[in-house]
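Student: I would like to go through this model with you, one question at a time.

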Amino acid sequence: MDKPDVFVGIDVGRHHHQCSFVDGERKPIAKTLRIREDRDGFQALKLEMDNIVQKKDEVRFHIGLEATGHYHQNLMAFLQAIDDLDVEVTCINPVQTKRFIQMQMLREQNDKVDARAIAEYMCVQRPVPTPRKRSDMQPLRDLSRLRCQL
């Protein structure tokens with residue numbers, strides 16, 4: 001039997017991230033979680049994921065987060081390093097989620113609504129997970145990006 005899917009939408013911010021959890025029917029399965037952009041915040045997200053696993057037994061997490069400048073990189077690396085849970089992480093172009101929100105005709109826009117919309121986007125669209133980047137290549141990418149700005 002396949003593991004049930006849990007879709008996690010993360011609205012990435014400079015100092016905080018908003019996380020929303022939905023099931024395959026796009027129904028919320030946990031409270032929206034606001035985490036800080038630090039190790040303690042990331043651990044709080046991991047703890048919530050562990051709690052969901054305890055409630056639902058085994059699950060597969062499909063996590064979507066927007067590629068917002070460089071603010072998503074630490075969280076992305078943390079999530080891709082989780083090895084005791086079944087986790088797939090997808091970095092999404094913010095334009096895609098913006099268009100998805102417009103298609104849903106959501107009038108209210110705030111971090112909670114955006115996180116929920118990203119989770120629903122993950123459920124409906126099922127985007128391909130982002131491959132892990134080699135950590136030794138990141139400094140070269142950063143230098144290349146800075147060089148292009150000169």
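The exchange below goes through a predicted model.

Student: Is aspartate 11 buried or exposed?

Tutor: Aspartate 11 belongs to strand β1, residues 5-11. Buried means under 20% relative accessible area. Aspartate 11 has 9% relative accessibility, so it counts as buried.

Student: Which residues does aspartate 11 touch, leaving out those up to four places away in sequence?

Tutor: One contact partner is glutamate 66, and 55 residues separate it from aspartate 11 in sequence. In space the two lie 6.6 Å apart, C-alpha to C-alpha. The contacts of aspartate 11 are His16, His17, Gln18, Glu66, Asp111, Asp114, Ala115 and Ile118.

Student: How are the buried residues of helix α3 arranged around its axis?

Tutor: Helix α3 spans residues 94-103, and Thr97, Phe100 and Ile101 are buried in it. Seen down the axis, the buried residues fall within an arc of 100 degrees, so they line one face of the helix.

Student: What covers the buried residues of α3?

Tutor: The residues to be covered are Thr97, Phe100 and Ile101. Their cover includes strands and a helix, among them β4 (60-66), β5 (86-92) and α4 (111-125).

Student: Which backbone nitrogen does a side-chain oxygen of asparagine 93 reach at the start of α3?

Tutor: The oxygen comes to within 2.9 Å of that nitrogen. A polar contact needs N or O atoms within 3.5 Å. The backbone nitrogen is that of valine 95.

Student: What phi does methionine 105 take, just after α3?

Tutor: Most residues other than glycine have a negative phi. Methionine 105 instead has a positive phi, of about 55 degrees.

Student: Where is arginine 26, and what is its relative accessible area?

Tutor: Arginine 26 is not a glycine, yet its phi is positive, at about 65 degrees. The residue sits in the loop between β2 (16-22) and β3 (33-36). Arginine 26 is partly exposed, and its relative accessible area is 28%.

Student: Is aspartate 57 buried or exposed?

Tutor: Aspartate 57 also has a positive phi without being a glycine, about 70 degrees. The loop that holds aspartate 57 runs between α1 (39-56) and β4. Exposed means over 50% relative accessible area. Aspartate 57 has 57%, so it is exposed.

Student: Which residues form a nonpolar patch on the surface?

Tutor: One of them, leucine 140, is in helix α5, residues 138-149. Together the patch residues have about 310 Å² of accessible area. The patch is formed by Leu140, Leu143 and Leu146.

Definitions and conventions:
Residues are numbered from 1 along each chain as its sequence is written. This is a predicted model: local features need pLDDT of at least 70, side-chain atom pairs count only at pLDDT 80 or more; totals for chains, interfaces and linings use all residues. Side-chain values use heavy atoms; hydrogens and water are left out. Patches are made of residues with over 30% relative accessible area and no salt bridge: like charges are joined within 9 Å, nonpolar side chains (Val, Leu, Ile, Met, Phe, Trp, Tyr) within 5 Å. Accessible areas come from the Shrake-Rupley method with a 1.4 Å probe; for residues, only the protein chains shown count as cover. A salt bridge is a side-chain nitrogen of Lys or Arg within 4 Å of a carboxyl oxygen of Asp or Glu. Helices (H or I, at least four residues) and strands (E, at least two) are DSSP runs, numbered from the N terminus. Buried means under 20% relative accessible area, exposed over 50%, partly exposed in between (1.4 Å probe, protein chains only). Contact means heavy atoms within 4.5 Å. The arc is that of the directions from the helix axis to the C-beta atoms. A polar contact is a pair of N or O atoms within 3.5 Å; within protein, one must be able to donate a hydrogen and the other to accept it, and residues adjacent in sequence count only if both atoms are side-chain atoms.
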